Amino acid sequence: MSMALAASLVAAAALGGLALWQHSEADDTRARAVQTEQQARGNNTAFADLLTAPDATLHAGKLSVGATAAVVVSQSQNRAAFAARDLPALTGNRVYELWYAAEAGGLRPAGLLPGSGRDSARLLDGPLGDAVAVGITVEPAGGSAQPTSDPLGIISIGT
């Protein structure tokens, strides 16, 4: 077998492998897109269910950074949602982190908001439990187990 033929076979095999890899990556990407869309639909439905719950209550406040925020709570659904307007953009790979605060002072993470500075809204992670307030801090990307900065605001959601 000539060197040119061998080189051509190796190149063809490499290109075939690349094509298979690209096809596999495209399939994975499509699957992730479908899963993300399904999660978004589920979150939108859960968000709408929370907002229209017969016992939904709205709790609003001003944050130290000039933004306004609100928390919608449904005790019957044991859920809450947070929305903020005019959050400033963060620098240095930071995010906003939400916290459930218990009357006894314990804090537990309730979700992350991007540090992009846009208006943001999200369902809070986990059940309300014994939460009497929702706080927001600035944390490193990925969030923290406990706050590493002073709260930008605390919104009472006590019953």
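**Exercise 1.** In this predicted model, determine which residues F82 touches, leaving aside residues up to four places away in sequence.

*Solution.* Apply the contact criterion, heavy atoms within 4.5 Å. The partners of F82 are A69, A70, V71, L98, L113, S120, A121, R122, L124, V134, I136 and I155.

**Exercise 2.** Identify the residues that touch the most other members of the largest nonpolar core, and state which strands each supply at least two of its residues.

*Solution.* Step 1: the core comprises 23 residues, and those touching the most other members are V71, F82, L87, Y100, L124 and I136. Step 2: at least two core residues come from each of β2 (68-74), β3 (79-85), β4 (94-102), β5 (107-113) and β7 (131-140). Step 3: β7 provides the largest share, namely four residues. As general background, nonpolar side chains in soluble globular proteins tend to be buried together.

**Exercise 3.** How many salt bridges does the model contain under a 4 Å nitrogen-to-oxygen cut-off?

*Solution.* Step 1: the count is two. Step 2: one salt bridge joins the side chains of D119 and R85, with an N to O distance of 3.9 Å. R85 belongs to strand β3 and D119 to the loop between β5 and β6 (120-123), so this pair ties together parts that are 34 residues apart in sequence. Step 3: a salt bridge also links the side chains of R122 and D125, at 2.5 Å from N to O.

**Exercise 4.** Classify D119, R122 and D125 as buried, partly exposed or exposed.

*Solution.* Partly exposed denotes the range between under 20% (buried) and over 50% (exposed). D119, at 45% relative accessible area, is therefore partly exposed. R122 is partly exposed at 22% relative accessibility, and D125 is partly exposed at 39%.

How values were computed: Residues are numbered from 1 along each chain as its sequence is written. This is a predicted model: local features need pLDDT of at least 70, side-chain atom pairs count only at pLDDT 80 or more; totals for chains, interfaces and linings use all residues. Side-chain values use heavy atoms; hydrogens and water are left out. A nonpolar core is a set of buried Ala, Val, Leu, Ile, Met, Phe, Trp, Tyr and Cys residues joined through side-chain atoms within 4.5 Å. Buried means under 20% relative accessible area, exposed over 50%, partly exposed in between (1.4 Å probe, protein chains only).
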